[in-house]
Amino acid sequence: MTTKVIKLSPKNPDPKAIANAVDVLKSGGLVCFPTETVYGLGADSFNVPAIQRLFEAKQRPSDNPLIVHVGDFREVSLFAGDIPPKAKTLAGQFWPGPLTLVLQGKETVPDIVRAGLRTVALRVPNHAVALALIREFGSGVVAPSANLSGRPSPTTAAHVLDDLRGKVDLILDAGSTEIGIESTVLDVTVDPPVILREGGLTREQIEQMIGPVRSTDSMELLKRSPGTRHRHYAPRAKLMIVGSTMEIESIAKSGKKIGVIFHSFEPSSFEAKNARKLSADVKKFAHDIFDAIRELDEKGVDVILVEQVKERGIGVAVMQRLRKGEE
Ligand code: TXA
Ligand code: MG
C-alpha cells in the first residue's frame, strides 16, 4: 500500500482534502490526522474489518481498547448508555479538548473497539482538521495514537511516516501538534471518578469542576484499563530519569552510548555528544519531549537520560510517561 500525504492548514483545512479523507474512511481505509494532543490513526468506529487492519498496522495488542472520537457531545448517546451528571459537566467545560471520558458502552459498539470491556472511551478533539474530518464523517472515528505500539506517540506527520509508512492509506499533515502528549483518561462510571491516564488536562482543572477524583492502584488499573499493562512510550534505547548531572557522568563512565534530554542543567557540567536542550517551561517541554526521544533514539544511543520535571500541571503527565518508559 502506498501512503498518501496531504499537507493542509491547521486552522482552515481545505474542504477537498477533508472530503478525500472522509471517502477513505467510508471505504474502510485508515487515515492519520492531527489532534491537539498527538496524531491519531483513524478508522470508521463501526467497520470491524477496518479496525482489525488498524490493530495490525499498529501491532497493537487486542486487549487494548480504542478511543472513539466524536464531533459533538450530542453524538455521545450513539455510543454510551448512562451519562452521569459529572460527565455532562466536564464535557460542557472541556470539550473540545484533551479529556477522554470512559462511560458505560452501548451494545451496538463493536467489541473490538472496547476490547471486550463493558465501557467505551470517548472524546471530542480540539483541532480544526480533526473536527472537520469527524463531523464530515458523521458517526465516530476510532483513533489510537498513530505510532507503532510501544513507541512514543507521534507529534508530527514525519513521526507517523516513520512508524506507519505503507501501512495506512492517508496522512493529513498539518504540522506539529500543540500539546504534545495524549489526553487525560477519566473513568466516570464510578463516583468519585478515577484517573486512568494523566494527560493534557490536569487533575486540578477537573477537580475545580466536579470535586475530588481518585488515582488508581495497579490492580484496579488492570481491571479498568487492561491495555495499560503493555509497555508504552518506550524508545529502542533504555530511558532513565535523572535529577543531577552527577548521575549523567556516572552512567557515561560505564561506557554506554548516552543521549541526554535536559532543560535546566548547565550544559558545560556534563559530557554528551548527543544532547538536546528543551525549554524549562513544562508546557513547552511536553510539546517537544516525544520528538526529542525519537531524535536521540535514531542516533542509536543505548540510554536516553531525561532530566526530571516538576510534578505540577502537565508535568504530572510528563513524568508518568517517562516512568512508563523506564519500565
Ligand atoms: O490524546 C489522545 O488520547 C490520542 C489522540 C489521538 O486522541 N489518542 C490516544 O489513544 O492516546 P491510545 O489508544 O494511544 O490511548 C488510549 C488509552 C489507552 O490507555 C487505553 O487503554 C485507554 O485509553 N482506553 C480506551 N478505551 C478504554 C476503556 N473502555 N476503558 C478504559 N480505558 C480505555
Ligand atoms: Mg497510544
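Visitor: In what handedness of crossing does α3 pass α7?
Guide: Bear in mind that this is a predicted model. Helix α3 covers residues 85-94 and helix α7 covers residues 203-210, and their axes come within 10 Å. As for the handedness, α3 passes α7 in a crossing that is right-handed.

Visitor: Why are α3 and α7 described as oblique to each other?
Guide: Start with the angle: the axes of α3 and α7 cross at roughly 120°. Angles of 65 to 115 degrees count as roughly perpendicular and those over 145 as roughly antiparallel. The crossing falls in neither range, so the label for α3 and α7 is oblique.

Visitor: How many nonpolar, polar and charged residues does the contact of α3 with α7 have?
Guide: On the α3 side you'll find Lys86, Thr89, Leu90, Gln93 and Phe94, and on the α7 side Gln205, Ile206, Met209 and Ile210. Sorted by class, that contact has 5 nonpolar, 3 polar and 1 charged residues.

Visitor: Is α10 roughly parallel or roughly antiparallel to α11?
Guide: Helix α10 spans residues 282-298 and helix α11 spans residues 315-326, with axes 9 Å apart. They pack at an angle of about 20°, and angles under 35 degrees count as roughly parallel. That makes the arrangement of α10 and α11 roughly parallel.

Visitor: How many nonpolar residues does the contact of α10 with α11 have?
Guide: From α10 come Val282, Phe285, Ala286, Ile289, Phe290 and Ile293, which meet Gly315, Val318, Arg321 and Leu322 in α11. Besides 1 polar and 1 charged residue, the number of nonpolar ones in this contact is 8.

Visitor: α10 also meets α6, so how many charged residues does that contact have?
Guide: The axes of α6 (residues 157-164) and α10 come within 11 Å and cross at roughly 50°. Here His159, Asp162 and Asp163 of α6 make contact with Asp291, Arg294 and Glu298 of α10. There are no nonpolar residues and 1 polar one, while the charged count is 5.

Visitor: Over to the ligand: which residue has a side-chain N or O atom 3.0 Å from a nitrogen atom of ligand 1?
Guide: Ligand 1 is surrounded by 25 residues, and the closest are Thr37, Arg60, Asn64, His69 and Ser183. Arg123 puts a polar side-chain atom 3.0 Å from an oxygen atom of ligand 1, so to speak, while Arg224 has a polar backbone atom 3.5 Å from a ligand nitrogen. The residue you're after, with its side-chain atom 3.0 Å from a nitrogen atom of ligand 1, is Ser225.

Technical notes: Residues numbered from 1 in each chain as written. Chains lettered and ligands numbered in written order. Predicted model: local features only at pLDDT ≥ 70, side-chain atom pairs only at ≥ 80, totals over all residues. Heavy atoms only, no water. Axes fitted to C-alpha atoms, helices over the stretch in contact; angles between N-to-C directions. Helix = DSSP H or I, 4+ residues; strand = E, 2+ residues; numbered from the N terminus. Contact = heavy atoms within 4.5 Å. Nonpolar A, V, L, I, M, F, W, Y, C, P; charged D, E, K, R; others polar. Near = heavy atom within 4 Å. Polar contact = N/O pair within 3.5 Å; in protein donor to acceptor, adjacent residues only side chain to side chain. Left-handed = near helix turned anticlockwise from the far one by under 90°.
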